[in-house]
Amino acid sequence: MLELRAITKRFGEVLANDHIDIRVEPGTIHAIVGENGAGKSTAMRIAYGFYTADSGEIVVDGEPRQIQTPHDAIRLGIGMVHQHFMLVDTMTVAENIVLGAEPGSAAAIDLSKASEEIRALSNEFRLSVDPNALVHDLSVGQQQRVELLKALYRRARLLILDEPTAVLTPQEVEEFFAILRRMREQGKTVIIITHKLSEVLAISDDVTVMRDGRVVGRVKTKETNAAELARMMVGRDVLLRVEKPEARPGETVLSVRDLSVTVGAGERGLRGVSFQVRAGEIVGVAGVEGNGQTELIETLAGLVPQARVSGAVIFRERDITKANARQRYEMGIAHVPEDRHRRGLLLDFDLSENSILGLHYRKPAVSVGPLLDLRGIRSRAREMIQDFDVRPANPDLPARALSGGNQQKLIIGREFGLNPKLLLISQPTRGVDIGAIEFIHRKLVELRDEGCAILLVSAELEEVTSLADRLLVFYHGRVVGEVDPKQSTQEEIGLLMTGGGDESQNSER
Amino acid sequence: MKLLRELLFPVIAVLVAFVVGGVIVWVIGDNPFEVYGLLLGSALTWPDGIGYTLFYATPLIFTGLAVAVAFRCGLLNIGAEGQLYVAAFACAWVSIKLGGTVIKGFDGSPIVYGSTSLPAVVLVPLAVLTAIAVGAAWGAIPGWLKARFGAHEVITTIMLNFIAVSLISYFTQYYYKAPGDPIMQSVPVGAAAHIPRLGDFVPGLPSRIPVNAAFLLALLACLLVYVFLWRTKWGYEIRATGANPSAAEYGGISVRKQIVLAMAVSGGLAGMVGINEVLGYRHLYYHEFSASYGFTGIAVALLGRNHPLGVILAALLFGVLLRGGIFVDAFSEHVTKDLVEVLQALVILFVAVGVNFRWMSNRFSMLRRSKV
């Protein structure tokens, strides 16, 4: 169906694609895996006409083709769904889908005809999308299906999906995979870019592995396993499971009592949550995103206005419900936020400036009076960069220049450097590549064994179950169950996450 | 290297503006090289050209700094104009009241405006601090309105400009104008409030040229602003707030406080224009003296990339244009000083385009980097 032959693409000094060959058989699901920066997206953007290759050729259906723009690609039956959706919120599904490919004459768009076609497509692949619904009323999963429809409506035979599962809940991922399988049955070809190995193994027929701009492996999915793929991606053996000794919990560090938080008009993000975290243990919070986890962490970090909070937060026998973010920080509560670009970093500031965020007003960052000790800050940043393996190791670079994984390592270095008594950590490895994930997980366990109490929120069920010593399941702003992650199966936890648990009413106190 | 990169876009913008301006001159019917020769020649001769260029640049350094500080906190201070007016008036008021101003009435009898006469060592610092404090207070108002009610500073500062000008017009007209004076200006300030002109101590520079100690104060302000923004925890907090308010909040910084603080510092800097105008130049409050210094300050900050050093360079360029414009007007065949305004506008235009261009090129390289 599609073949890239010796494609080379250079951005300035960076060789993003170095003579790569990718061969995608018709009617298959083909996974392209690699760490961030391996060149996966570049290769696919070349296939879709976003970029033009410096050299090499693209072969579609056995014939060499020039693909200069996305228009050329669409004409050849290639469609692409981006990680960030390109939909107009205030328009209906049908309007979004026909946008740029309007049926009928230029003056009068025949929307009803389009709606019919869309409905037919939606039924064919069982997408259950209503063409007349407004996009902003749709869930993220549904919006993604609108993107799929957009490509199908333009008669795509080959769909390129860039990290499609990054925004989906575990249930949505399952549904999404079912859709992909139906597409394959109908003769469509799918390329899926990802770095989640479990998904690769679950959905694909063939795998192409990329590293540092080169193709380092081509395998049949049936003939490989996660360890082998990880080794190819990273170039060395990678520990996929977290190895941790038994937890030895000490005294109670954090005690949350009947905590409620309102969001918006009377709506409650948290509804009477109570739990405790002890020194030396990792308490995980599982749940579909948007069930109160964000509110929980932000409230505990002191970032939610007092007026919206009720209940009590006790930290080391002190009531800190009314303390602000800085006071909590000073007491030894560190926070790795879920969204590092929005909360955790000043992207335009350099690494040494980022290394003091939150500590910038006191010693050792400040020397005399209000003056910052720039030299000291820089040398401590350099140490932190070394200890936490942040690359490139240059404290003068802006944080923006780093990959997601390295940005995360910088934040973790900063927060761990506090020697916290309590760590609030949310989505620690989101958008982080495998090598860094392993590193971050190891550091978390180390911190736990030094006696820190850790509250861990993650949308990756696998991550919370493998790291946590105890697991709280959140649903609709409530704790609907506490489970032992070693004793429970993913299915049991998944059921609780969707509100299917029996004990949901009398939640754990 | 980094410095060179920072300078590159503004310098290109200025050069392009001059080329386009040259074409306009040529179309009008003059020789662009002669006109530019006249412009630069008149602005850069010693002592008159340079003296006046520095004099014109002084208020623009203050307002450029004012806009830059606010901008570093993510705020667009359009209110420097109002801030400098209230500050200049307050500066004059203190210097009249405590400077012992007495003038002759129609009948020859004295009219006492200021009954106290403080010595210069006290009066000058007091008048200087008054200008800064009043400017800061006037600037803090829109800061507070934003922090407390979320009112957008662009709207509130513009409105406060109108209020400032009208309020001061009222006070000048009815309370501090000499009886019968046809010009809207206050009575003169006490002689003790005068600050020296540079000509008083720079050899070769005649004292008739009004560039004064306020210019040195402007340079000092640049240094202090630099230290404040990049070497103190307060500056860190202001810049963090401007760079990413959510992250600043996460870092335990009160975003509201920073907004008020940045606007106050900004207003104080704008207010320092009053020192140049009242204490250094006219020695009275002359109503509507500002040749849009507050608004030109936005252009100065933009061209100077919101950096004190850049602000100095940009203000000097605008000083050259203002000074040279007068001579172009007088001595060229067809071109008037309108050309200077066209040139100014072109510079700003191309800087704005350049900023966008930079922004776009950043975006592109980010896109490419983000998912290679």
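The following dialogue examines how selected labels in this predicted model are justified.

Biologist: What makes B:Tyr85 count as buried or exposed?

Modeller: B:Tyr85 has 33 other C-beta atoms within 10 Å. A residue is buried if 20 or more lie within that distance, and B:Tyr85 is therefore called buried. The residue is found in helix α4 (residues 80-97) of chain B.

Biologist: Which residues is B:Tyr85 in contact with, leaving aside its neighbours within four places in sequence?

Modeller: They are B:Ala164, B:Val165, B:Ile168 and B:Ser290. The term contact applies because C-beta atoms placed from the backbone lie within 7 Å. By way of another distance, B:Val351 is 266 residues from B:Tyr85 in sequence and 28 Å from it in space, C-alpha to C-alpha.

Biologist: Why is A:Asn419 called exposed?

Modeller: Inside 10 Å, A:Asn419 has 11 C-beta neighbours. The label exposed requires 12 or fewer, so A:Asn419 counts as exposed. A:Asn419 lies in the loop between α14 and β17 (422-426) of chain A.

Biologist: Why is B:Ser292 called exposed?

Modeller: B:Ser292 has 12 other C-beta atoms within 10 Å. Because the definition reads 12 or fewer, B:Ser292 is exposed. Its place is the loop between α11 (273-282) and α12 (293-303) of chain B.

Biologist: What is the phi of A:Asn419, and what is that of B:Ser292?

Modeller: Phi is near 50° for A:Asn419, a positive value in a residue other than glycine. For B:Ser292, also a residue other than glycine, phi is positive and near 55°. Most residues other than glycine have a negative phi.

Biologist: What makes helix α9 (residues 293-300) of chain A mostly covered?

Modeller: Eight of its eight residues are buried. Among them are A:Gln293, A:Glu295, A:Ile297 and A:Leu300. Each is called buried because 20 or more other C-beta atoms lie within 10 Å of its own. After α9(A) comes A:Gly302, with a positive phi near 80°.

Biologist: How do you know that strand β9 (residues 206-211) of chain A pairs with strand β3 (residues 29-33) of chain A?

Modeller: The two strands share four bridges in the parallel sense. Pairing requires at least two bridges, so the criterion is met. One of the bridge partners is A:Asp206 in β9(A), set against A:His30.

Biologist: What makes β9(A) and strand β10 (residues 214-220) of chain A a pair?

Modeller: Six bridges join them in the antiparallel sense. Since at least two are needed, they are therefore paired. A:Met210 stands opposite A:Val215 in β10(A). In their hairpin, two residues stand between the strands, and A:Asp212 takes a positive phi near 50°.

Biologist: How do you know that the peptide bond from B:Trp46 to B:Pro47 is cis or trans?

Modeller: Omega is near 0° there, and the bond is cis. B:Pro47 lies in the loop between α2 (32-43) and α3 (48-72) of chain B. A second cis peptide bond joins A:Arg391 and A:Pro392, where omega is about -5°. A:Pro392 lies in the loop between α13 (374-387) and α14 (404-416) of chain A. Most peptide bonds are trans.

Biologist: How many residues does each chain bring to the contact between chains A and B?

Modeller: Chain A gives 28 residues and chain B gives 17 residues. On the side of chain A that touches chain B, α1 (40-47), α10 (325-331) and α11 (340-344) each supply at least two residues. That side divides into 17 nonpolar, seven polar and four charged residues.

Terms used:
Residues numbered from 1 in each chain as written. Chains lettered and ligands numbered in written order. Predicted model: local features only at pLDDT ≥ 70, side-chain atom pairs only at ≥ 80, totals over all residues. Contact = placed C-beta atoms within 7 Å. Nonpolar A, V, L, I, M, F, W, Y, C, P; charged D, E, K, R; others polar.
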